[in-house]
Amino acid sequence: MNTELKNAIEVLEKEKGISKATLLESIEQSLLQACKTNFGKNENINVSVDPDTCDFRVTAEKEVVESEEDIVDPILQVTVAEARKDNPDAEPGDIITVDINSKSFGRIATQNAKNVILQRIREEERNVMFNQYNSKVRQIVSGVVQRQQGKAYMINLGKVDALLNESEQVKGEHFKPNDRVKVYVTEVKNSSKGPKIMVSRHHPELVRKLFEEEVAELRDATVEIRGIAREAGSRTKMAVSSANPDVDPVGACVGMNGSRVNAVVAELNGEKIDIIEWDENPAILIENALSPAKVISVGADPDERAAKVIVPDYQLSLAIGKEGQNARLAARLTGYKIDIKSETQARESGDFDDMFEEDYDENGDFIDLDEDFEDGYTEEETSEDVSGVQGDEE
């Protein structure tokens, strides 16, 4: 048993994560390279390594010839007299296997063999690291800020650094060396220097994965995140649904006393998060998406992917949001182009009467249908029934 080689392989397998089979294969290749360096060719050379004992054997297949005068290439041929020392039955024309003493190789051949092994170990180490982190694409990982490189950050993930480019950072976020941070892995590339890992703090899926860490109902698929619209560093809207009618999807994500959502908000440095309930009725979904604004009515056209929304006058600025953010996020979340008007604007343009023309009796009094229409239209209440707080003007 080659104890020294066996122990070295076991150490490499443990520390580098390289399989024993790969290491044995690299040894075989290194010995073939040494033979080529020593003899000038290795086409007739065979190398075998016992995986249990790590004993190795180097042999050459040679043609038996009658005498020294018949030898054209001593690497490929051997005299019958020499062959019969180990093979008594050898005859001219036979092909025999001859053992080669690898210890007799010169310094250059030995060094070349060593280089082959080291090169293979480096390659396999890079492959192991690539496979390890490639499996984490579209997942979040925790790392430590190493340094700032221009406007980018290098985040150490353990055995390798990841790159957080400026475009994937959240505006206003700044890190110092040794800060611990969670990032979303967007891409892993293999290179001669090891895996190149690209990460993000800006990606909407970062929010999804953070909630999956906090909410057990998301992990077991009782609750599902149906859509996310995010303006990183400012606000996120997230629509959720439940496969179990007894489980409130919004409540599950918020947690007791807001513990779950607050943990995500803290990780995102105070980014506001609106969690709404998903609904297959686009009108109800749009109404929910415009939260916290109150809505009088929504008329949605699924074919055009457009919706008209009427809100109380004092809720218009809240529905639109600062610089249009609330309406913009609601549109991204629902996939509908949303046209928001105040009640006064809707009455002046005739949209209010068009949306409610079937909801008044012959005297012009409003009829409360107290139900949602199946064609993507919902009505909640008249302007006299709505109360709330005046939002800021856009």
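**Exercise 1.** In this predicted model, determine which residue just after α2 takes a positive phi, and describe the helix that precedes that residue.

*Solution.* Step 1: Gly 40, just after α2, takes a positive phi of about 95 degrees. Step 2: helix α2 covers residues 20–39, which gives 20 residues. Step 3: the expected span at 1.5 Å a residue is 28 Å, and the helix reaches 29 Å from its first C-alpha to its last, close to that expectation. Step 4: the buried residues of α2, where buried means under 20% relative accessible area, include Leu 23, Leu 24, Ile 27, Leu 31 and Ala 34. Thr 22, Ser 26, Ser 30 and Cys 35 are buried in α2 as well.

**Exercise 2.** Establish the order of the strands in the open sheet of 3 strands, and explain why one side of β10 and of β12 is left without a neighbour.

*Solution.* Step 1: the order is β10-β11-β12, with mixed pairing. Step 2: β10 (223–231) and β12 (272–277) each have a single partner strand and stand at the edges, so one side of each has no neighbour in the sheet. Step 3: from one strand to the next, the twist averages 20 degrees. Step 4: β11 (residues 235–242) and β12 run parallel and are joined by 6 bridges. In this region, Met 238 stands opposite Ile 275 in β12.

**Exercise 3.** Identify the strands across which helices α5 and α9 lie.

*Solution.* Step 1: α5 (residues 204–214) lies across β10, β11 and β12, and runs at about 140 degrees to β10. Step 2: α9 (residues 282–289) lies across β11 and β12, and runs at about 155 degrees to β12.

Conventions:
Residues numbered from 1 in each chain as written. Predicted model: local features only at pLDDT ≥ 70, side-chain atom pairs only at ≥ 80, totals over all residues. Heavy atoms only, no water. Pairing = 2+ DSSP bridges. Helix = DSSP H or I, 4+ residues; strand = E, 2+ residues; numbered from the N terminus. Axes fitted to C-alpha atoms, helices over the stretch in contact; angles between N-to-C directions. Contact = heavy atoms within 4.5 Å. Expected span 1.5 Å × (residues − 1). Buried < 20%, exposed > 50% of the residue type's maximum accessible area, 1.4 Å probe, protein only.
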